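Thanks for asking me to look this one over. My notes follow as numbered points, to be read with the structure open beside you.

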Amino acid sequence: MAASQQHGVLYQLERLEAQEKRSARQQDRYQGQQDEETNLQVKIFKLRKLRDELRTKVKLQEASARIPITNLEPYESVKNSEENLEMKLEKAKAFFQAFHLTGFCGKLTTKGICICFNTAFEGNILDSYYVDVTIKKPLTIHQHSVPVFIPLEQIAAKYLDTNFQHFMYSLSEHLNAYSGRKYQADQLQCGFSAFLARPLQRNSLCTLLSFTYTTDPGGESFPFCARLVYEDLTTTLPTNVTIMYQGTGAMPASWEDQRAAHETLFYKNALHKVFESFSKVRENFDCISSVPRSG
């Protein structure tokens, strides 16, 4: 009888060890899948960024091909040469006409040129910024309306006097990305405040957003705490998303699945679009719940 009990205990221990090993293998496979998905998301993000850069370059090349003016040369001293002055005026007009197709416009000033950078996001026209450039060697910025947290000085030092076209392209990238991030944060704060448990926290460049939210305003869903980081100043999608549990009770069983799903949504979609999807899910649920059941 004792030998039988001993055999039974050993058998149970072996079973438990085997189950533990199987569970560990499954956990390793799951972790490997998670790591692979994260790597794929990073690759997708980089490829999308490269695609957007190539599209912008193609537009610039098409515009330059229509009007064969790619660089605006600095003004030289004009000594009774109306022909020289007129030629430079025509060249400047052609230059602005070419770049107008990609969101730039400008006008001649007494000291040089004033460039207007028009920003937009998802078809919505946003803010405009101005940069006055003095046309002389070297090119210098006389005055501007670019926000102080945009790295204008670094961009100008790198490109303004050596590659004016790239200076405009790089500055436009930064301004459009900033306007796009700001637009998303404003849309969340104004249009989806019911989902927020606390006010949205953001820095001046909108490269760090922090907020606590639920997917069911007024309901019993547990709150999430999200932290979105935009390490690339020329993008409108986050490069790092962290979502934590913000509840006081025990962590719900469905927490990890929802956290992973939300993380993917924030990586791939504009901020306000994510909350639009939450709102649609809630509306569909309410419609189904309101349908009377027969019998």
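1. What is the strand order in the open sheet of four strands, and is the pairing parallel or antiparallel? The order is E5-E6-E7-E8, and the pairing is antiparallel. Strand E5 (201-202) and strand E8 (240-245) are the edge strands; each has a single partner strand, so one side of each has no neighbour in the sheet. As background for this point, strands of a sheet pair through backbone hydrogen bonds. Please keep in mind throughout that this is a predicted model.

2. Staying with that sheet, E5 and strand E6 (residues 208-213) are joined by two bridges in the antiparallel sense. If you want a spot to zoom in on, Gln 201 stands opposite Ser 210 in E6. Helix H5 (residues 255-268) packs on the sheet, where it touches E6, strand E7 (224-229) and E8. The direction of H5 makes about 155° with that of E8.

3. Now a step back to the whole chain. The protein chain has six helices and eight strands. Read from the N terminus, the elements come in the order α-α-β-β-β-β-α-α-β-β-β-β-α-α. The chain has 295 residues, and 34% of them count as buried. Its accessible surface is about 18,400 Å², with 52% belonging to carbon and sulfur atoms. Among contacts with a separation of 6 or more, 45% are between residues 24 or more positions apart.

4. There is also a hairpin worth a look. Strand E3 (residues 124-134) and strand E4 (residues 140-144) run antiparallel and are joined by four bridges. Five residues lie between E3 and E4 in this hairpin. Asp 132 stands opposite Gln 143 in E4.

5. Just after that hairpin, have a look at Pro 151, which sits in the loop between E4 and helix H3 (152-160). Is Pro 151 buried or exposed? Pro 151 counts as buried because its relative accessible area is 17%, and the cut-off for buried is under 20%. Leaving aside residues up to four places away in sequence, Pro 151 touches His 174 and Leu 233. Pro 151 and His 174 are 23 residues apart along the chain, and their C-alpha atoms are separated by 8.3 Å.

6. My next stop is Gln 184, in helix H4 (residues 164-191). With a relative accessibility of 1%, Gln 184 counts as buried. Which residues does Gln 184 touch, not counting those up to four places away in sequence? They are Phe 121, Thr 236, Ala 270, Leu 271 and His 272.

7. The aromatic residues deserve a point of their own. The whole structure holds 15 aromatic pairs. One of them is Phe 195 with Phe 275, an edge-to-face pair with 5.7 Å centre to centre and 70° between the planes. This pair links distant parts of the chain, 80 residues apart: Phe 195 is in the loop between H4 and E5, while Phe 275 is in helix H6 (residues 271-290). Phe 195 and Phe 275 are both buried.

8. A second edge-to-face pair is Tyr 213 with Phe 266, at 5.9 Å centre to centre and with 80° between the planes. Tyr 213 belongs to strand E6 and Phe 266 to helix H5, so this pair ties together parts that are 53 residues apart in sequence. Tyr 213 is buried, at a relative accessible area of 0%, and Phe 266 is buried too, at 1% relative accessibility. The members of both pairs belong to one aromatic cluster, formed by Phe 192, Phe 195, Phe 211, Tyr 213, Phe 224, Phe 266, Phe 275 and Phe 278.

9. Last, the cysteines. How many disulfides does a search of the whole structure find? The search finds zero. For Cys 114, the closest cysteine sulfur is that of Cys 116; the two sulfurs are 7.4 Å apart, which is too far for a bond. As for their surroundings, Cys 114 counts as buried because its relative accessibility is 12%, whereas Cys 190 counts as exposed, at 68%.

Definitions and conventions:
Residues numbered from 1 in each chain as written. Predicted model: local features only at pLDDT ≥ 70, side-chain atom pairs only at ≥ 80, totals over all residues. Heavy atoms only, no water. Buried < 20%, exposed > 50% of the residue type's maximum accessible area, 1.4 Å probe, protein only. Contact = heavy atoms within 4.5 Å. Areas by Shrake-Rupley, 256 points an atom, 1.4 Å probe, with all protein chains shown as cover. Pairing = 2+ DSSP bridges. Axes fitted to C-alpha atoms, helices over the stretch in contact; angles between N-to-C directions. Phe/Tyr/Trp six-rings, centres within 6.5 Å; stacked < 30°, edge-to-face > 60°. Disulfide = S-S within 2.5 Å.
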